[in-house]
Amino acid sequence: MAPALSSHLLPPLLLLFLAALEGGQSRYFEVRDEGAAGEEEPFLLLNAELKRELSEGQQMYRRALRCIDMLSIEGQFTFTAEQPQLHCATFFIGDPQEFIMIDFDFVNIDCQAGDFLKVFDGWILKGEKFPSSLDHPLPTSDRYIDFCEAGHIRSTIRSSQNVAMVFFQIHDPGNGFTLTIRKKPNLFPCNVISQTPTGRFTMVIPHQHRNCSFSIIYPVVIKISDLMLGHLNGLHLMPSAGCGGVGDFVELLGGNGLDPSKMFPLADLCHSFHGPAQMKIGCDNTVLRMVSSGKHINRVTFEYHQLDEHELENRKENSIEEFCLSSV
């Protein structure tokens with residue numbers, strides 16, 4: 001199980017999930033214009049021991065879904081309304097190198113009565129999307145799959161990254177749906193939300209014109225150990241003012257929401273280097289974003305860990321908290 005965290009170290013982005021579990025979800029969560037979203041026991045489902053036990057067993061894992069839920073494991077999950085449920089959502093998350101595969105086994109809703117069941121390729125929280133519209137390969141409208149508009153949902157839906165979600169509204173008791181979640185390998189993961197407050201990752205963009213964001217929803221220390229871009233060498237870590245027209249670069253972003261395009265640019269890395277460049281970022285959400293022109297193979301390796309109490313109290317040089325400190 002993930003280690004317990006004191007409440008004052010939990011960023012508001014995760015505290016919103018906790019609030020949803022206590023029954024306040026419609027107050028805190030907005031899915032598009034009409035829904036709500038959240039998480040079950042925050043990161044309890046990311047339990048490595050549970051995952052190992054399930055992988056060793058022969059039977060498929062099954063359980064009921066809550067109105068507000070989060071899943072990180074494969075299995076079959078069923079939601080059955082016991083009363084009108086008007087603001088419900090389930091978040092799915094995999095490891096960085098995984099796609100989410102969703103199969104609907106059974107759907108019984110009344111679209112004419114105002115029920116809906118929609119899949120979104122990514123996450124939405126309080127109207128903000130991950131990946132942002134600037135970084136996702138599909139137009140925003142194509143990221144939604146609506147059961148009521150199509151009359152059905154195709155047999156298998158695959159996410160474009162390690163997160164996806166379903167949001168729904170069901171009026172009549174007894175109605176609901178059953179879905180099966182599977183994971184598939186992603187050889188070149190692009191947009192990622194980290195499951196954990198500590199980790200190490202290498203992002204590679206091989207001759208592709210795309211932008212990739214790695215999101216960590218904690219205040220963190222992030223250390224970049226290696227950066228290979230398709231142009232000049234030499235470390236230039238500077239307050240963000242753009243890379244002067246360079247088509248391949250990495251930027252560090254900080255903010256209190258989910259959408260990287262709405263976050264504050266903290267620093268740009270415009271040239272290749274080998275050796276540590278470390279920064280403390282005291283925001284609820286830290287994003288490392290790589291912009292690639294498609295002309296080169298770009299790669300960045302970094303590691304990160306959540307700021308502990310001592311690090312939060314001793315903010316010194318090479319640290320960027322002033323933009324987000326009020327919410328830490």
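In the predicted model, strands β3 (residues 75-80) and β12 (residues 176-185) are joined by 6 bridges. The two strands run antiparallel. Phe77 has Leu179 of β12 as its bridge partner. Strands of a sheet pair through backbone hydrogen bonds, in either a parallel or an antiparallel arrangement.

The β3-β12 pair belongs to an open sheet of 5 strands. The strand order is β1-β3-β12-β5-β10, and the pairing is mixed. Strands β1 (62-64) and β10 (156-158) stand at the edges. Each has a single partner strand, so one side of each is left without a neighbour in the sheet. On average, neighbouring strands of this sheet are turned by 25 degrees against each other, direction ignored.

A second site centres on Arg289. This residue is found in strand β21, which spans residues 285-291. The relative accessible area of Arg289 is 11%. Arg289 therefore counts as buried, the cut-off being under 20%.

Two acidic side chains, those of Asp135 and Glu251, make polar contacts with the side chain of Arg289. The contact with Asp135 is at 2.9 Å. The contact with Glu251 is at 2.6 Å. Both residues also appear among those that Arg289 touches, residues up to four places away in sequence not being counted. Leu134 is listed as well, next to Asp135 in number. The remaining residues touched by Arg289 are Asn211, Cys212, Ser213, Phe249, Val250 and Leu253.

How values were computed:
Residues numbered from 1 in each chain as written. Predicted model: local features only at pLDDT ≥ 70, side-chain atom pairs only at ≥ 80, totals over all residues. Heavy atoms only, no water. Helix = DSSP H or I, 4+ residues; strand = E, 2+ residues; numbered from the N terminus. Buried < 20%, exposed > 50% of the residue type's maximum accessible area, 1.4 Å probe, protein only. Polar contact = N/O pair within 3.5 Å; in protein donor to acceptor, adjacent residues only side chain to side chain. Contact = heavy atoms within 4.5 Å. Pairing = 2+ DSSP bridges. Axes fitted to C-alpha atoms, helices over the stretch in contact; angles between N-to-C directions.
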